[in-house]
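Reader: I have a structure to look at. Can you walk me through it with short questions and answers?

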Amino acid sequence: MQLSRFSLNVYKHFAEDMEVDGEKPDIGFKQRGYLFLATEKMMPQFEKNMMLQHRNGVDSQLLDIEDLRGLIPELTISDLAGGLYCSESGYLDAYSVMQGYIKYAKHLGAEYIYEEVSDLLIEGQQMKGVRLKNGETCTAPVVVNCGGAWGAQLSEKAGIKFSIVPSPRQIFQFDCEKKLKNYLPLTMDPTGVYFRHEGEQMIAGYSEPIRSDFDFSWRREDFIENVWPPLAHRIPNFERVKIVRGWAGIYDYNTEDHNAIIGQYPKIEGYYVAFGFSGHGMQQAPGVGKGMSELIRKGKYETIDLSPLRPERFAEHQLVIEDAIY
Ligand SMILES: Cc1cc2nc3c(=O)[nH]c(=O)nc-3n(C[C@H](O)[C@H](O)[C@H](O)COP(=O)(O)OP(=O)(O)OC[C@H]3O[C@@H](n4cnc5c(N)ncnc54)[C@H](O)[C@@H]3O)c2cc1C
């Protein structure tokens, strides 16, 4: 929550802060809120979640059926008791964020090398750099492995294992004949299906079973079988839809506690990791970058204490469990 709050503020001002030569990056940040829909049975847990969120400065609220209908007039509410909503939350274009950061880093003097890293170079207990696939070597006393779903594999080549698997997720973009009255918040259905506007169209996904696979294939039939029935039930306008396109991405899924692993690997001086985000890395990325920078430059966290996410937590049995993985 602390990471997300920090990051939200960065995204709000991203265009101005990352401006280079009069050009402001457009990350398409839309603060249309996050809405978790709840059945009667889910409400007590949502109430607990809300209280925890309030203690961490997140301005969320429990909604009743009337409130839900106010947000989404077309919503089927017969099997719902309410929802948990945060109006400040939003969504953005992840690729544009990355491009914005790259451009600004170059502007500040960073050298950006677009090459695959084939090996980590470690001597004894000291990080020495990386070898690139083209055969070149980059020497460095500090290396940050932020290789997403591929990061753990690279680490394993150096004999350092992490409990992260690549887990594919699909997104489906569709158009519906009968338009909705309001723009949707990112809405999570109790079935695990989620949906929101994408421009004037919609996108949706669902909580796919975890499977360790670098599979980027996109299956239209998954929409028909797993996504469409809950969608059509929840919003009758979605009974008549046309699939426009879709894509697949890969979660770097931490099988132990479903949260990122951040910090210096204890046995190797200079080897830092930031991966295992398990599908919620965009909302944490700016905060993670800030923390990582402080840890490397100053040897300690100053802005947000990220030590609960340290690599050692597994051996120490200090898991930080995240249950809301979609
Ligand atoms: C379908 C889907 C929906 C999502 N929805 C959300 C959401 O709603 N909210 C949210 O917060 N997050 C969401 N996420 C998760 C979010 O996108 C990720 O957590 C985030 O992008 C992770 O960023 P990263 O930089 O750690 O890893 P990545 O974005 O995976 O970047 C890792 C980079 O490292 C490169 N790389 C890997 N190995 C090597 C190597 N050996 N040499 C050189 N380069 C290498 C890769 O090519 C890649 O560019 C979603 C992800 C998916 C797939």
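Reader: Which strands help cover the buried residues of H7?

Author: This is a predicted model. In H7, the buried residues include Asp-222, Phe-223, Val-227 and Leu-231. The cover over the buried residues of H7 includes E1, E8, E10, E11 and strand E12 (241-254).

Reader: How far apart are the end C-alpha atoms of H7?

Author: H7 has 15 residues. At 1.5 Å a residue, H7 should span 21 Å. The model agrees with that, as the end C-alpha atoms are apart by 20 Å.

Reader: Where in H7 does a kink lie?

Author: Look shortly before the proline Pro-229. The kink there is about 50°. The residue at the kink is buried. It is Val-227.

Reader: Which residues touch the most other members of the largest nonpolar core?

Author: In soluble globular proteins, nonpolar side chains tend to be buried together. Here the largest nonpolar core has 24 residues. The ones that touch the most other members are Leu-184, Phe-195, Val-227, Leu-231, Ile-235 and Phe-238.

Reader: Which elements each supply at least two residues of this core?

Author: One helix is on the list, H7. The strands are E1 (34-38), E8 (164-176), E10 (193-198) and E11. So the full answer, with each giving at least two residues of this core, is E1, E8, E10, E11 and H7.

Reader: How many residues does the second core have?

Author: This core is separate from the one above. Among its members are Tyr-265, Tyr-271, Val-273 and Phe-275. Its size is 17 residues.

Reader: Is Asp-215 buried or exposed?

Author: Asp-215 lies in the loop between strand E11 (201-206) and helix H7 (220-234). Beyond its sequence neighbors up to four places away, Asp-215 touches Pro-168, Ala-248 and Ile-250. Its relative accessibility is 17%, and the cut-off is under 20%, so Asp-215 counts as buried.

Reader: Which side chain makes a polar contact with that of Asp-215?

Author: The contact joins two side chains. Its length is 3.4 Å. The partner of Asp-215 is Arg-211.

Reader: What is the phi of Ser-278?

Author: Most residues other than glycine have a negative phi. Ser-278 is found in the loop between strand E14 (271-275) and helix H8 (285-298). Its phi is positive, near 55°.

Reader: Is His-317 buried or exposed?

Author: His-317 is found in the segment after H8. His-317 also has a positive phi, near 55°. Its relative accessibility is 69%, and the cut-off is over 50%, so His-317 counts as exposed.

Terms used. Residues are numbered from 1 along each chain as its sequence is written. This is a predicted model: local features need pLDDT of at least 70, side-chain atom pairs count only at pLDDT 80 or more; totals for chains, interfaces and linings use all residues. Side-chain values use heavy atoms; hydrogens and water are left out. Helices (H or I, at least four residues) and strands (E, at least two) are DSSP runs, numbered from the N terminus. Buried means under 20% relative accessible area, exposed over 50%, partly exposed in between (1.4 Å probe, protein chains only). A polar contact is a pair of N or O atoms within 3.5 Å; within protein, one must be able to donate a hydrogen and the other to accept it, and residues adjacent in sequence count only if both atoms are side-chain atoms. Contact means heavy atoms within 4.5 Å. A nonpolar core is a set of buried Ala, Val, Leu, Ile, Met, Phe, Trp, Tyr and Cys residues joined through side-chain atoms within 4.5 Å. The expected span of a helix is 1.5 Å times one less than its number of residues. The bend at a residue is the angle between axes fitted to the seven residues ending there and the seven starting there.
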